[in-house]
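Here's a quick briefing to read with the model open in your viewer. Take a look at the fold before going through the notes.

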Amino acid sequence: MNNIGDFYKKAAAALNSPHEARILIAHFTGGHNPVLHPQIPLAAEQLAALEAAVARRQKHEPVSKIIGSKPFWRDSFITTKDTLDPRPETELLVQAVVDRFDKTAELKILDLGTGTGCVLISLLKHFPAASGVGVDISQPALAIAVQNSENLGTADRAQFMNADITGPLPLGTKFDIIVANPPYIKTADIQALMPDVRDFDPHSALDGGADGLDFYRIIPRIILPLCHKRTCFFCEVGYNQSKEVQAECRTHGLIYETALEDLNGIQRVLIFSLMD
């Protein structure tokens, strides 16, 4: 086996995924497509790296963790064992904000539980006059967010803060937009997750407590001092959590506006305001 076409056939069969085989080959060969250029030879070190990558994937390690990046919105973000992989459904969170505000607006954005920084950075790229703060309890995750911000050209408008969002946030300013994608999986459900998630995403980014709603009881309270009368709050929620989150937010004076559904018809993103 000395070319990428031969390896592609073997890897696609081993993984039962031609798509994943192509991604791995492209990553370890400098972008080559085995379908278009099957005769490109594989160096010994490339072959060894690819064989190791296929073995890792067969043990359920996500392709994103193997190659160290994941597409989200219009960019690719570094992701590691310390960060939750950016999810396609979280793009709805970005879309909700993009649809709401003028692209030229000078906005202040707060991202709670920023992880890779994918939501904040995507928004800052769409709104060139905006600035923002990403908050996370994980220092290793914040280091990745900083790297992503530098790589994608938003470092001059993004700050990242190591803090526990269960307590007051001493930010000293008010925000036009607050976004949150907190942990929302029930503790008892984590062991039943797909091994790709259960074994390779940080549990601190998944575990939302006994009913999955722990952070939704805290966030509406801690964001109030950071809001002005026209602040909008956007949050991602899990399956069958929309009504409970709406009720919790209402108790803190937030006004529910609407929900966006994902491709499975789940109310995935909720939008709230403080407008009278």
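Let's start with a charged residue: Arg87 is buried, with a relative accessible area of 18% (buried means under 20% relative accessible area, exposed over 50%, and partly exposed in between, with a 1.4 Å probe and protein chains only). Keep in mind that this is a predicted model, where local features need pLDDT of at least 70 and side-chain atom pairs count only at pLDDT 80 or more, while totals for chains, interfaces and linings use all residues. Residues are numbered from 1 along each chain as its sequence is written, and side-chain values use heavy atoms, leaving out hydrogens and water.

**Salt bridges**

- The count comes to 13 salt bridges, a salt bridge being a side-chain nitrogen of Lys or Arg within 4 Å of a carboxyl oxygen of Asp or Glu.
- Arg87 pairs with Asp201 in one of these, and their closest N and O atoms are 2.8 Å apart. Asp201 sits in the loop between α8 and α9 and Arg87 in the loop between β2 and α5 (91-100), so this pair ties together parts that are 114 residues apart in sequence. (Helices, H or I with at least four residues, and strands, E with at least two, are DSSP runs numbered from the N terminus.)
- Asp201 is buried, at a relative accessible area of 6%.
- Asp201 also meets Lys65 in a salt bridge, at 3.3 Å from N to O. Here the link spans 136 residues, from Lys65 in helix α4 (residues 63-67) to Asp201 in the loop between α8 (195-198) and α9 (214-223). Both Asp201 and Lys65 are buried.
- Which residues are linked in a network of salt bridges? They are Lys65, Asp85, Arg87 and Asp201.
- Elsewhere, Asp75 forms a salt bridge with Lys125, with the closest N and O atoms 3.0 Å apart. That pair joins strand β2 (residues 75-78), home of Asp75, to helix α6 (residues 118-126), home of Lys125, across 50 residues.
- Is each partner buried or partly exposed? Asp75 is buried, with a relative accessible area of 18%, whereas Lys125 is partly exposed at 36%.

**The seven-stranded sheet**

- Seven strands make an open sheet in the order β5-β4-β3-β6-β7-β9-β8, with mixed pairing (two strands pair if DSSP finds at least two bridges between them). The edge strands, β5 (158-162) and β8 (255-261), each pair on one side only.
- Neighbouring strands of this sheet are turned by 15° against each other on average, ignoring direction. (Axes are lines fitted to C-alpha atoms, for helices over the stretch in contact, and angles run from 0 to 180 degrees between N-to-C directions.)
- Strand β6 is mostly covered, with six of its six residues buried.
- On one pairing, β3 and β6 run parallel over four bridges, and Leu110 has Ile178 of β6 as its bridge partner.
- Strands β6 and β7 also pair in the parallel sense, over five bridges, with Ile178 opposite Phe233 in β7.
- Strands β7 (residues 227-236) and β9 (residues 267-273) run antiparallel and are joined by five bridges. Cys235 stands opposite Leu270 in β9.

**Helices against the sheet**

- Helix α9 has seven of its ten residues buried, so it is largely enclosed by the rest of the structure. Those buried residues are Phe215, Tyr216, Ile218, Ile219, Pro220, Ile222 and Ile223.
- What covers the buried residues of α9? The cover includes β3 (108-112), β6 (175-180), β7 and α10, where contact means heavy atoms within 4.5 Å.
- Helix α10 (residues 242-250) lies across β7, β8 and β9, and runs at about 15° to β9.

**Helix on helix**

- Helices α1 (residues 4-15) and α3 (residues 44-58) pack at an angle of about 10°, with their axes 10 Å apart. That makes α1 roughly parallel to α3 (the label covers angles under 35 degrees, with over 145 roughly antiparallel, 65 to 115 roughly perpendicular and the rest oblique).
- Helix α1 brings Phe7, Lys10, Ala11, Ala14 and Leu15 to this contact, and α3 brings Leu47, Leu50, Glu51, Val54, Arg57 and Gln58.

**One more spot**

- Ala143 is in helix α7 (residues 139-151) and counts as partly exposed, at 43% relative accessibility. Its C-alpha atom is separated by 9.3 Å from that of Gly115, 28 residues apart along the chain.
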